[in-house]
Amino acid sequence: TRFTNRLTRRGFMGLSALLLTTTLAGREVLAASPAEKYVTSVGTSVIKLANSGGGKAALRQRFSGLINQHANVRSVGLVALGPYRKDLPPNMAGEFVKLVSFYMAAFFVYYVDEFQGSNIEIESSAKQGNTTIVNSLVRFENGSRGQVRWRILGAGRIGDINVRGVWLSLQLKKRFTDVFKRSNGDFNALFDELKSAESW
């Protein structure tokens, strides 16, 4: 009957709307995972800072503050030391973390063009043990996009970042190892290298 057909059509449309709403809600939940939300927030701050202008020294200082707020600097630095970690003098540990933060900031300054976009978009994410790799895209005013990958620790801190295929932690480890090989494991030589952050 006409009434039955109208009821059927209404039921079908209602069911379709429910399924569509559920699907969209599911996508929203997936896109709003803690790691992805965190990267969106931090990435937005990085973009804003990259667009703030100023000389390299001022930018390094500001990036260092952002890094100290969001990255596990001590963990990154100790991992980069590799087998030399056990030789770090306890009385130099605090200065080491400070210099690593400054050196990491120089990495962002070196790649500042990669962050001078208009906004950041999440492309995908995947769990890797106790960390999450988040793939993001920085969108630029001309419509192009650049990929930035983030390693987020379980506690919600940045453990590593990849720009132009370069992982910061691996670059740090290579530099540290090169310095130690040249200086026969001298931490004073490493500290001199960390202070010359222009070397990125």
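Two strands pair if DSSP finds at least two bridges between them. In this predicted model, nine bridges join strand β1 to strand β2, and the two run antiparallel. The mean pLDDT of the protein is 85, and 82% of its residues reach 70 or more. The points below cover confidence, the sheet and three helix contacts.

**Confidence**

- Helix α1, residues 2–31, has the lowest confidence in the protein, with a mean pLDDT of 45.
- Strand β2, residues 131–139, has the highest, at 97.
- Over residues 2–7 the pLDDT stays under 50, and the model has zero contacts for them beyond four places in sequence.
- Residues 10–31 are also below 50 in pLDDT, and this stretch has two contacts in the model beyond near neighbours in sequence.
- Where pLDDT is low, the predicted coordinates should not be read in detail.

**The sheet**

- Five strands form an open sheet in the order β1-β2-β3-β4-β5, with antiparallel pairing.
- The edge strands are β1 (119–128) and β5 (166–167), each of which pairs on one side only.
- Strands of a sheet pair through backbone hydrogen bonds, either parallel or antiparallel.
- β1 and β2 make a hairpin with two residues between them.
- In the turn of this hairpin, G129 has a positive phi of about 65°.
- Across the β1 and β2 pairing, I122 stands opposite S136 in β2.
- Strand β3 (residues 145–153) and strand β4 (residues 158–163) run antiparallel and are joined by five bridges.
- W150 has I161 in β4 as its bridge partner.

**Helix α2 with helix α3**

- Helix α2 (residues 34–50) packs against helix α3 (residues 56–70) at an angle of about 170°, and their axes are 10 Å apart.
- That angle makes α2 roughly antiparallel to α3, because angles over 145 degrees count as roughly antiparallel.
- From α2, the residues Y38, V42, S45, V46, L49 and A50 take part in the contact, meeting L59, R62, F63, L66 and H70 in α3.
- By class, the residues of this contact of α2 with α3 are eight nonpolar, two polar and one charged.

**Helix α3 with helix α5**

- α3 also packs with α5, here at an angle of about 115° and with the axes 8 Å apart.
- The crossing of α3 and α5 is right-handed.
- On the α3 side, K56, L59, R60, Q61, F63, S64, I67 and N68 are in contact with α5.
- On the α5 side, the partners are S101, F102, M104, A105, A106, F108 and V109.
- The residues of the contact of α3 with α5 comprise nine nonpolar, four polar and two charged.

**Helix α5 with helix α7**

- Helix α5 (residues 93–110) and helix α7 (residues 187–195) cross at roughly 35°, and their axes come within 9 Å.
- α5 passes α7 in a left-handed crossing.
- E95, F96, L99, V100, F102 and Y103 of α5 make the contact with L190, F191, E193, L194 and K195 of α7.
- In the contact of α5 with α7, eight residues are nonpolar, none is polar and three are charged.
- F102 of α5 appears both in the contact with α3 and in the contact with α7.
- Likewise, L59 and F63 of α3 meet α2 and also meet α5.

Methods
Residues numbered from 1 in each chain as written. Predicted model: local features only at pLDDT ≥ 70, side-chain atom pairs only at ≥ 80, totals over all residues. Heavy atoms only, no water. Axes fitted to C-alpha atoms, helices over the stretch in contact; angles between N-to-C directions. Helix = DSSP H or I, 4+ residues; strand = E, 2+ residues; numbered from the N terminus. Parallel < 35°, antiparallel > 145°, perpendicular 65-115°, else oblique. Contact = heavy atoms within 4.5 Å. Nonpolar A, V, L, I, M, F, W, Y, C, P; charged D, E, K, R; others polar. pLDDT = per-residue confidence, 0-100. Left-handed = near helix turned anticlockwise from the far one by under 90°.
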